[in-house]
Amino acid sequence: MPYREIASLLAIVLTFVAFYPYIRAIRTGAVRPHIFSWYIWAVTTFIVFFAQLKGGAGVGAWPIGVSALVTLFIAVLAYRRRADISITRLDWLFFVMALSSLPLWFWTEDPRWAVVILTSVDLLGFAPTVRKAYVDPYSESIVFFGLFTGRNLCVILALEHYSVTTALFPAAIGTVCVLMMVMLALRRRQLLR
């Protein structure tokens, strides 16, 4: 099996390994994800998946597609469990921006612009989660973000074609996951003092 397929398979496995305890923690109430972040991430991840396929990502896009499905499941689960449902006007703005990438892609026929917009929106979609995690750093999992850092590295290694369209999203999300781990660790340490 060529290395790209192995990296893609490893990224898919890491996706499930990361999400399983996160889903379990949602069910027990240990983690209360921000619902709108997860809906924004589901929408953006699905669109990026299709843009990556069009951009030639090949097997490197598969983990993004799997992640989109699981992300949507988490959004639904968070809603059913009544996790963090505080939705602000800014949250709505991010959601509208995510949806606005579809007409742009349609008009330009260039998936690169959709990925640039969606990556930006996805990163902005972290805002409600960052806000919540800063106040309550134990409401999010450092391990989860660590696994997703590794997953995104595997996605980049699995790409069959490297371009802004195929690599921007996993590189940006991987970077933000590292920043989330650092912020959570620092805030937890501050609260122990």
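In which helix does alanine 42 lie? The legends below begin with that residue, and the model they describe is a predicted one.

**Figure 1. Alanine 42 and its surroundings in the predicted model.** Alanine 42 lies in helix α2, and its relative accessible area of 3% places this residue in the buried class, because that class covers values under 20%. Leaving aside neighbours within four places in sequence, the contacts of alanine 42 are Ala68, Thr71 and Leu72. The C-alpha atoms of alanine 42 and serine 67 are 8.2 Å apart in space, although 25 residues separate the two in sequence.

**Figure 2. The largest nonpolar core and the helices that supply it.** This core holds 42 residues, among which Phe19, Trp38, Ile74 and Phe144 touch the most other members. At least two residues of the core are supplied by each of α1 (3-28), α2 (35-54), α3 (62-80), α5 (111-124), α6 (126-135), α7 (142-158) and α8 (164-192). Helix α1 gives the largest share, namely nine residues. A second core, separate from this one, consists of five residues, including Ile40, Phe94, Phe95 and Val121. As a general background to such views, nonpolar side chains in soluble globular proteins tend to be buried together.

**Figure 3. Tryptophan 38, its contacts and its ring partner tyrosine 22.** Apart from residues up to four places away in sequence, tryptophan 38 touches Phe19, Tyr22, Pro33, Thr71, Ile74, Ala75 and Phe144. The structure holds eleven aromatic pairs, and one of them joins tyrosine 22 to tryptophan 38 in a tilted arrangement, with 5.4 Å centre to centre and 40 degrees between the planes. This pair links distant parts of the chain, since tyrosine 22 belongs to helix α1 and tryptophan 38 to helix α2, 16 residues apart. Both partners count as buried, tyrosine 22 with a relative accessible area of 2% and tryptophan 38 at 4% relative accessibility. Ring pairs also join Phe19, Tyr22, Trp38, Trp41, Phe126, Phe144, Phe145 and Phe148 into a cluster.

**Figure 4. Valine 70 in helix α3.** At 11% relative accessibility, valine 70 counts as buried. Setting aside residues up to four places away in sequence, valine 70 touches Phe16, Phe19 and Ile23. The C-alpha atoms of valine 70 and tyrosine 20 lie 9.7 Å apart in space, while the two residues are 50 residues apart in sequence.

**Figure 5. The salt bridge between glutamate 140 and lysine 132.** The structure holds one salt bridge, which is formed by glutamate 140 with lysine 132, and the closest N and O atoms of this pair are 2.7 Å apart. Glutamate 140 counts as buried at 2% relative accessibility, and lysine 132 is likewise buried, with a relative accessible area of 10%. In general terms, side chains of opposite charge can pair when their charged atoms come close.

**Figure 6. Arginine 187 over the ring of tyrosine 134.** Arginine 187 is found in helix α8, and its charged end sits over the ring of tyrosine 134, at 4.0 Å from the ring centre. Beyond residues up to four places away in sequence, arginine 187 touches Tyr134, Val135 and Pro137. Arginine 187 is buried yet has no salt bridge, and the nearest side chain of opposite charge, that of aspartate 136, is 8.4 Å away. That separation falls outside the 4 Å allowed between a side-chain nitrogen and a carboxyl oxygen, so arginine 187 and aspartate 136 are not counted as a salt bridge.

**Figure 7. Isoleucine 142 in helix α7.** With a relative accessible area of 24%, isoleucine 142 is partly exposed, because this value lies between the limits of 20% and 50%. Not counting neighbours within four places in sequence, isoleucine 142 is in contact with Met181, Leu184, Ala185 and Arg188. Isoleucine 142 and valine 182 are 40 residues apart in sequence, and their C-alpha atoms are 8.5 Å apart in space.

**Figure 8. Arginine 193 in the segment after α8.** Arginine 193 is exposed, with a relative accessible area of 77%. The C-alpha atoms of arginine 193 and glycine 65 are separated by 42 Å, and the two residues are 128 residues apart along the chain.

Key. Residues are numbered from 1 along each chain as its sequence is written. This is a predicted model: local features need pLDDT of at least 70, side-chain atom pairs count only at pLDDT 80 or more; totals for chains, interfaces and linings use all residues. Side-chain values use heavy atoms; hydrogens and water are left out. A nonpolar core is a set of buried Ala, Val, Leu, Ile, Met, Phe, Trp, Tyr and Cys residues joined through side-chain atoms within 4.5 Å. Buried means under 20% relative accessible area, exposed over 50%, partly exposed in between (1.4 Å probe, protein chains only). Helices (H or I, at least four residues) and strands (E, at least two) are DSSP runs, numbered from the N terminus. Contact means heavy atoms within 4.5 Å. Rings of Phe, Tyr and Trp (its six-membered ring) pair if their centres lie within 6.5 Å; planes under 30 degrees apart count as stacked, over 60 as edge-to-face and the rest as tilted. A charge sits over a ring if NZ of Lys or CZ of Arg is within 6 Å of the ring centre and within 35 degrees of the ring normal. Lys and Arg count as positive and Asp and Glu as negative; His and the chain ends are not counted.
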